[in-house]
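Work through the exercises below with the coordinates open beside you. Each task is followed by a solution in steps.

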Amino acid sequence: MLRTPHSSPHLQVMSVLGLLAALLLPLGMTLAPRATAAPAADPVRVMPLGDSITGSPGCWRAVLWNRLVSSGYEDIDFVGTLPPQGCGQTHDGDNEGHGGELVTNVADQNLLPGRLASTRPDIVVMHFGTNDVWSSISPDRILAAYTKLVAQMRASNPDMRILVAQLIPMNPSSCAACAQRVVDFNARIPGWARSTGTDRSPVTVVDQWTGFSTATDTYDGVHPNASGDDKIAARWFPPLAAALDAGVPQDPGGPGDPGGDPAACTARFRAVSSWQGGYQGEVTVTNTSASSVPGWTATVVPANGARLTQLWNGALTTAADGTATVTNAAWNGTLAAGASATFGFVASSPATSGTPAATVTCVGKAPAG
């Protein structure tokens, strides 16, 4: 490179840059200001919380994780202080399922706050209390433990979304009374949830009991086998997907923060007519929140082996265990406060199934905030 006696240092630098650019251009490269990538949004942190049904090995978590990913939920992170335990499929295996734990002991010994501090979940998915029921601890005491854990979750994150299971059935050979104890305890959970949930930190009850068989879905009357894992994951998926769709508030605790929580919603089933081998049913979805919602999702769990085969006024997705997820149609999704929408369906059922019945729940889509 030629340089004149009077060239300044600034011109020298510019000449070097010009030569470098000339050398790079034939290679298809150009000099440009360095761009700074926008920071990626933090994933939503989901804590599976419970005992050995959740964590030893708790393979329903693997099934649920992969269903979420295959459905497009990529920015999620299952969290917990315990590591994965196999399950034969790729998944995020972190969890808080401690084998043998009683929820009453976790509450009495204040074990949860440290675990929350280590993992900082946004959503808790809780199936907890089987060992307490087996130990003949009263429903009142178990629910008091639930209440304490919820308070600790909200102390960790005021916007915590909490999914609480009605426990899967239990019928171990060493506990003849356990089966009925689970039924009695599960009957108390919806009322507890109604009194415990808030608009900012809702508590959603997930029916894991209906349609679950200790004979075919467990290997010992208590712990799920592969069939049971599939059923548990199928029940968790709709309410967890709804919580993920609601998003994580950007300014937790800020004044006037709308929270983004799923809107309150109720669902009611009615059998319209029945015949040998099937029936027609309908479900009425009602927005029980104080504001309009732009959409809703209902879950229908038909009893006695029935399956939905046709549906109108909504879009149907059916899981392997027969659990049906129904989302609103384009024209009936927006519901004003107190307004309702109805969808209908035809179900096939065994000839000996008896009176048509179904467990139905729903969540309203959070309004845009």
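**Exercise 1.** Does Thr104 count as buried or exposed, and at what relative accessibility?

*Solution.* The model is a predicted one, in which local features need pLDDT of at least 70 and side-chain atom pairs count only at pLDDT 80 or more, while totals for chains, interfaces and linings use all residues. Residues are numbered from 1 along each chain as its sequence is written, and side-chain values use heavy atoms, with hydrogens and water left out.

Step 1: Thr104 is placed in helix α4 (residues 103–108), where helices (H or I, at least four residues) and strands (E, at least two) are DSSP runs numbered from the N terminus.
Step 2: its relative accessibility is 1%, so Thr104 counts as buried; the classes are buried under 20% relative accessible area, exposed over 50% and partly exposed in between, with a 1.4 Å probe and protein chains only.
Step 3: when residues up to four places away in sequence are not counted, Thr104 touches Asp132, Ile137, Arg141, Ile142 and Ala145, contact being heavy atoms within 4.5 Å.

**Exercise 2.** Describe how α3 and α10 cross, and list the residues through which they meet.

*Solution.* Step 1: the two axes come within 8 Å and cross at roughly 45°; axes are lines fitted to C-alpha atoms, for helices over the stretch in contact, and angles run from 0 to 180 degrees between N-to-C directions.
Step 2: this angle makes α3 oblique to α10, because angles under 35 degrees count as roughly parallel, over 145 as roughly antiparallel, 65 to 115 as roughly perpendicular and the rest as oblique.
Step 3: the crossing of α3 and α10 is right-handed, which is the case if the near helix is turned clockwise from the far one by less than a right angle, and left-handed if anticlockwise.
Step 4: on the α3 side the meeting residues are Trp60, Val63, Leu64, Arg67 and Leu68, and on the α10 side they are Asp229, Asp230, Ile232, Ala233, Ala234, Trp236, Phe237, Leu240 and Leu244.
Step 5: the buried residues of α3 are Trp60, Arg61, Ala62, Leu64, Trp65 and Leu68, and they pack against β1 (44–50), α2 (52–55), β2, β4 (123–127) and α10.
Step 6: after α3 comes Gly72, with a positive phi near 100°.

**Exercise 3.** How many aromatic pairs does a search of the whole structure find, and what surrounds the ring of Phe237?

*Solution.* Step 1: a pair of aromatic rings is described by the distance of the centres and the angle of the planes.
Step 2: the search finds nine aromatic pairs; rings of Phe, Tyr and Trp (its six-membered ring) pair if their centres lie within 6.5 Å, and planes under 30 degrees apart count as stacked, over 60 as edge-to-face and the rest as tilted.
Step 3: one of them joins Tyr73 and Phe237 edge-to-face, at 6.5 Å centre to centre and 80° between the planes.
Step 4: Tyr73 lies in the loop between α3 (60–70) and β2 (76–78), and Phe237 in helix α10 (residues 226–246), so the pair ties together parts that are 164 residues apart in sequence.
Step 5: Tyr73 is buried at a relative accessible area of 17%, and Phe237 is buried at 10%.
Step 6: the charged end of Arg67 sits over the ring of Phe237, 4.0 Å from its centre, a description that applies if NZ of Lys or CZ of Arg is within 6 Å of the ring centre and within 35 degrees of the ring normal.

**Exercise 4.** Characterise the contacts that α7 makes with α5 and with α8.

*Solution.* Step 1: the axes of helix α5 (residues 112–119) and helix α7 (residues 139–156) come within 10 Å and cross at roughly 30°, which makes α5 roughly parallel to α7.
Step 2: Leu112, Pro113 and Leu116 of α5 make this contact with Leu149, Gln152, Met153 and Ser156 of α7.
Step 3: Gln152 is buried, with a relative accessible area of 13%, and, leaving aside neighbours within four places in sequence, Gln152 is in contact with Asn110, Leu112, Pro113 and Leu116.
Step 4: the axes of α7 and helix α8 (residues 178–196) come within 11 Å and cross at roughly 35°, and this crossing is right-handed.
Step 5: ring pairs link Tyr146, Phe185 and Trp192 into a cluster.
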